[in-house]
Amino acid sequence: MAALPVLALLLLAASGGPGAAGQKRKEMVLSEKVSQLMEWASKRSVIRMNGDKFRRLVKAPPRNYSVIVMFTALQPHRQCVVCKQADEEYQILANSWRYSSAFTNKIFFAMVDFDEGSDVFQMLNMNSAPTFINFPAKGKPKRGDTYELQVRGFAAEQLARWVADRTDVSIRVIRPPNYAGPLMLGLLLAVIGGLVYLRGSNLDFLYNKTGWAFAALCFVLAMTSGQMWNHIRGPPYAHKNPHTGQVNYIHGSSQAQFVAETHIVLLFNGGVTLGMVLLHEAATSDMDVGKRKIMCIAGIGLVVVFFSWLLSVFRSKYHGYPYRFV
């Protein structure tokens with residue numbers, strides 16, 4: 001009978017002990033999780049998750065892979081326009097990863113919709129969407145693992161830089177072909193060709209200073225209002241507070257802006273410019289004095305009102321700015 005405990009100890013030692021058995025179980029669980037994620041990723045670049053899948057594949061150990069999760073609210077009754085725009089960019093990023101040499105089992109892209117995983121939102125104390133969080137392979141998410149959407153925008157290129165910074169996986173964003181640009185260029189060339197054909201040898205309209213000045217002015221106003229920044233960063237059109245329902249068209253930080261803010265600034269700059277043009281015409285035109293006075297008063301009014309609104313926008317973004325016009 002005394003030989004039985006000795007035999008048991010020998011068998012336990014031969015198998016590597018309880019620690020080795022636990023390690024094998026972890027490796028088996030991890031292998032199953034990675035295989036499951038790879039199978040889903042092969043069918044759809046962004047894996048949709050509910051509460052159970054999130055807790056099992058993202059939160060619960062073991063895990064040797066990172067998961068980029070987009071928390072969103074895409075159902076129509078949620079009326080989250082920004083969520084739909086961010087989802088399009090997120091899909092472009094995930095597809096670029098899926099169909100490139102960067103595809104690896106060290107990172108996965110997932111999505112949790114509020115209507116499919118409201119318990120996950122509650123578990124993470126999350127009350128806004130869309131939100132991007134990186135769940136690293138080791139440890140819990142740190143501050144930098146939450147994407148600064150309001151500052152960086154949700155363009156796929158910006159998301160790719162953030163992913164590379166957090167996971168060391170570089171993804172070259174490949175956008176689907178967009179034929180809108182070539183079509184618009186072709187339409188413009190067709191219009192110009194049609195005008196040249198109709199006007200024949202009379203090409204005086206090409207030397208029209210007013211036309212060229214107006215075109216140049218429109219270009220300058222568009223660039224100074226921040227259109228290029230929007231094109232690079234891809235910010236949301238506006239922000240709706242999920243608690244109060246209030247829509248903000250002006251971003252509260254000097255480091256970011258909304259698309260609607262660009263349109264507002266463009267309108268204000270245009271109003272100031274129109275006022276200056278009226279003042280110039282009032283001073284140099286050959287019209288009668290009465291009309292020139294009206295133009296002068298209208299020009300002064302436009303400059304005062306629209307420049308004052310421009311300053312108010314500036315003050316709302318640069319808090320503590322001491323100057324104002326009216």
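Start with the record: select residues 179–198, 210–229, 264–282 and 294–314, which the unreviewed UniProt entry annotates as "transmembrane region". The model in your viewer is predicted.

**The annotated spans**

Take residues 210–229. This span is 90% helix and 0% strand. Put a distance between its end C-alpha atoms and you get 29 Å. Now go to residues 294–314. Here the span is 100% helix and 0% strand. Its end C-alpha atoms lie 30 Å apart.

**A ring pair between helices H11 and H12**

Select Phe71 and Phe121 first, as a reference pair. The structure holds 16 aromatic pairs. Phe71 with Phe121 is an edge-to-face pair, with 5.8 Å between the centres and 85° between the planes. Phe71 belongs to strand E2 (residues 66–72) and Phe121 to helix H5 (residues 118–123), so the pair ties together parts 50 residues apart in sequence. Are these two rings buried or exposed? Phe71 is buried, at 0% relative accessibility. Phe121 is buried too, with a relative accessible area of 4%.

Next, select Phe268 and Trp309. Their ring centres are 5.4 Å apart and their planes stand at 40°, so this pair is tilted. Phe268 sits in helix H11 (residues 259–284) and Trp309 in helix H12 (residues 289–317), so the contact ties together parts that are 41 residues apart in sequence. Check the surroundings of each ring. Phe268 is buried, with a relative accessible area of 11%. Trp309 is partly exposed, at 41%.

**The ring cluster**

Select Tyr65, Tyr90, Trp97, Phe103, Phe108, Phe109, Phe132, Tyr147 and Trp162 together. Ring pairs link these residues into a cluster. Keep Phe103 on screen and add Arg98. Arg98 lies over the face of Phe103, 4.7 Å from the ring centre. Now add Tyr99. The charged end of Arg98 also sits over the ring of Tyr99, at 5.2 Å from its centre.

**The loop after helix H4**

Move on to Ser101. Where is it found? Ser101 is in the loop between helix H4 (81–98) and strand E3 (107–113). Switch on the surface: Ser101 is exposed, with a relative accessible area of 80%. Then select Ser170 as well. Ser101 and Ser170 are 69 residues apart in sequence, yet their C-alpha atoms are 9.8 Å apart in space.

**The cysteines**

How many disulfides does a search of the whole structure find? The search finds one. Select Cys80 and Cys83 to see it. These two residues form the disulfide, with their sulfur atoms 2.1 Å apart. Look along the S-S bond. The angle about it is 70°, and the link of Cys80 and Cys83 is right-handed. Both ends count as buried: Cys80 has a relative accessible area of 16%, and Cys83 has 0%.

Two more cysteines close the tour. Select Cys218, which is partly exposed, with a relative accessible area of 36%. Finish on Cys296. At 30% relative accessibility, Cys296 counts as partly exposed.

Key. Residues are numbered from 1 along each chain as its sequence is written. This is a predicted model: local features need pLDDT of at least 70, side-chain atom pairs count only at pLDDT 80 or more; totals for chains, interfaces and linings use all residues. Side-chain values use heavy atoms; hydrogens and water are left out. A disulfide is a pair of cysteine sulfur atoms within 2.5 Å. Buried means under 20% relative accessible area, exposed over 50%, partly exposed in between (1.4 Å probe, protein chains only). Helices (H or I, at least four residues) and strands (E, at least two) are DSSP runs, numbered from the N terminus. UniProt positions are given in the numbering used here, feature names are shortened, and annotations may be inferred rather than shown by experiment. Rings of Phe, Tyr and Trp (its six-membered ring) pair if their centres lie within 6.5 Å; planes under 30 degrees apart count as stacked, over 60 as edge-to-face and the rest as tilted. A charge sits over a ring if NZ of Lys or CZ of Arg is within 6 Å of the ring centre and within 35 degrees of the ring normal.
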